[in-house]
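Here are a few notes for you to follow with the structure open beside you. I hope they help as you go through the chain.

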Amino acid sequence: MKAMKEETTEIKHIHDDKDLICSLCKRCDDNPEKYGEKITLQQHNLTVHYFCLLMSSGICQRGEEDEDVHGFLVDDIKKEIRRSSRLRCMKCKKVGASVGCSIKSCRQMVHMPCGLEQDFIFQFTDLFPSFCKKHAPSQTCVSSPSLPLSCSVCLEPIEPILSYNVLKCPACHGSWFHRNCVQHYAHSAAMFFFKCTLCNNKDQFQQEMLRMGIYIPERDAAWELEENAYEDLLQVYQHCDAVKCHSHKGRKYSSQSGYFEIVRCKLCGSRGTHRKCSNLKLYESDWICGDCKAAVEGKKSVPLPNHVESPLAIRQQRKRLFKNISDLHSSLISKRQCVAATSPEVLMDLAHQISQQQSTEVLVEDDDGVLEAALWVLRQSDFNPCCTLSVKFSQDKHSNNIRSQRRFLRRLVSKLQMSEIFEGPDGSKNLALNSKALRDDLYFEVGSLLALSLVHGGPPVGFFSPALYHSLFNYPTNYRPTLQDLGDTAFAHKIRQIAEAKSMKELRMAMQSASQYLEAAGCWRKIRELSEKDMLVEDVLNFYLIIRLQLPLQRFREGLRTLGLFEQVQMCTEAFHSVFCGPVERLTAESVMELFTVRFSEEKEQQEKENTTVDFWKKYLHECEEGRCAASLEDLLTFITATDSAPSIGFHPTPSISFFSSPDPSCAFPQSHCDASHLFLPMLPSYELFKKHLDYTVCQFSYQEFKKKKKKYFSP
């Protein structure tokens, strides 16, 4: 039995020598990517390539990992050398062929490097089998790829014909690779980072690449192992950027203290000045550079160009900014593996990128104009997703940013669900194929807005179908599209007729009725048995829900990468499933009670009254749930927190309750402070009065909100 060692293992008394010849393949090449580590045991006068050992047919690991050559004993290696010395290589015709095809009836023997030149496939898993060109595993293509295609690693053109040198991803079927390119990618990315470059599938992709003979090292990525790779991140900015520098020792000089100590911008940290050069006093350490000052004041720090940028240039500039932010956050994650984290924890971690000092103003006419306002802001060339959203509704005289922001994000998610890029029933949407949306890059923009909403404290998305979530994040891994994913459309009706056909006559009639759809999907074919209809339906569903939507899915994923969301969801796909897929859980009395922390006073006499009020509060919640109150649980939560459901990121700060007493109970009404999600409850003598006052307050608030929304319809 052979086992591959982790590449971080240290081996004693072993070192490389480029001039020595491998005792098995008789070559002196030192190429770890192709032949594995080249190892020399000086005391035994023995040199071997590690892959030559792994693939040799007559040897197994009988030692421990730290014995001889990673568990291959010296005596066993010498026996294998003697055995192979009697076997001739079918490529170079020389003796020493230690690798044979694993098919027992096949007599093909080669040196390991010769096997690579003869299109042998070496599987670096299980028993490390080898297969000649005739018996090698192959891939199949479920549909005709759209042209032109390029290698997903080197981006050079690639002919979409599967062969030894051309491979594809088994998950998305849209990512194609040159064998040498994907092997180089695997050697660099290694097990923790090696995944499909298009759909980001990891498990299925790695298994398929191992099956097709790609070696995936069991270690961290090469860039993670490079010594001092992130040393620059530990350096602070040391340069005076004043227009005129007064230091005789140059702009990079910084004294320990005094007028020529470099002070960095307190907002960005990437600009600096000597105190002397910016007229700062000796005790002053707070300084803001010109760029940040202009941003905070809402002005541009550089003159505007004398030409208008094209929409394409603005869009490309915006995408570069989003990609840089996403890459920056992704680089801080050491390994791409699933972690046991909840979705609120992950979103809270992403929210740390948001600057409280800088804000983006979002002007909204009314609830119907939410999506237009969001797209207008997103399309600005200087839009930064890391800025706080400052939302203002034109009809609100007394603007409250928290209340306005939560209202804006709640309405935005509702509007996005009705967007033209989605189709299907409410709560279970798939992507629609829309050429205008592709041309306008609306798929990217909607994905970006959903990412912004989640990280900035918006409600759960809650309207993705299981098929869409699987297409984006490959979860669940064994999910297969079903007829329910198509919704109630004419196309779905025709495909259901095929699936429900009980005889060959019914099946032919159903296929004839859906012939246009079947031809477009490349699924129009002769059916000889009724049992073949299941495979036909599966092929149609795969084409309609996955294959034809590859470009929209790709752009939608790129949008979801805003603020690093997509990568984090991929690491916690199970935790985020309920965030993206419906239905959103309805509020209950118990779930609302769990949201709030009760702040009791220290006086025991006061605590008794407060406990009574808490009992009134719990009873009121249960009556709300049962429909025995004028207000609903959603109305109540909106009154306190400005949202009718808990944000995906959770409430920050945690909603709380405190109490107050009044000399006149008839005038004591509940109050809320939505910025802090805080509710002030009056301590009243009876539950009937408590319920009456709470009903009145919440209903009055709901009525005022209703009047704001409908004001434009009643205006003269």
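1. Lys79 is a good place to begin: this residue sits in helix 3, which covers residues 74-84. Together with Lys78, Arg82 and Arg86, Lys79 forms a positive surface patch. Please keep in mind that this is a predicted model.

2. Do have a look at the backbone of Asp126. Its phi is near 55 degrees, a positive value in a residue other than glycine. Asp126 belongs to the loop that runs between strand 5 (121-122) and strand 6 (130-131).

3. On charged pairs, the count of salt bridges comes to 22. One of them is between the side chains of Arg275 and Glu261, with an N to O distance of 2.8 Å. Arg275 is in the loop between strand 10 (272-274) and helix 8 (290-296), while Glu261 is in the loop between helix 7 (222-225) and strand 9 (262-264), so this pair ties together parts that are 14 residues apart in sequence.

4. Next, the pairing of strands 11 and 12. Strand 11 (residues 355-364) and strand 12 (residues 387-393) are parallel and share seven bridges. Which residue of strand 12 is the bridge partner of Ser359? The partner is Thr388. Between the two strands the chain passes through helix 11 (residues 370-378), giving a β-α-β crossover that is right-handed.

5. Two cis peptide bonds deserve your attention. The bond joining Tyr475 and Pro476 is cis, with omega about -10 degrees, and Pro476 lies in the loop between helix 15 (466-473) and helix 16 (490-499). The bond joining His652 and Pro653 is also cis, with omega about 5 degrees. Pro653 is placed in the loop that connects helix 25 (633-641) and strand 16.

6. Strand 16 leads on to a sheet. Four strands make up this open sheet, in the order 15-16-18-17, with mixed pairing. Why do strand 15 (597-598) and strand 17 (671-673) each have one side without a neighbour in the sheet? Both stand at the edges and each has a single partner strand, so one side of each is left without a neighbour there.

7. A last detail from the same sheet concerns strands 15 and 16. Strand 15 runs parallel to strand 16 (residues 656-660), and two bridges join them. Within this pairing, Val598 has Ile657 of strand 16 as its bridge partner. As general background, the strands of a sheet pair through backbone hydrogen bonds, either parallel or antiparallel.

Technical notes: Residues are numbered from 1 along each chain as its sequence is written. This is a predicted model: local features need pLDDT of at least 70, side-chain atom pairs count only at pLDDT 80 or more; totals for chains, interfaces and linings use all residues. Side-chain values use heavy atoms; hydrogens and water are left out. Patches are made of residues with over 30% relative accessible area and no salt bridge: like charges are joined within 9 Å, nonpolar side chains (Val, Leu, Ile, Met, Phe, Trp, Tyr) within 5 Å. Accessible areas come from the Shrake-Rupley method with a 1.4 Å probe; for residues, only the protein chains shown count as cover. A salt bridge is a side-chain nitrogen of Lys or Arg within 4 Å of a carboxyl oxygen of Asp or Glu. Lys and Arg count as positive and Asp and Glu as negative; His and the chain ends are not counted. The place of a charge is taken as NZ of Lys, CZ of Arg, CG of Asp or CD of Glu. Two strands pair if DSSP finds at least two bridges between them. A crossover is right-handed if, with the strands pointing away from the viewer, the path from the first strand over the helix to the second runs clockwise.
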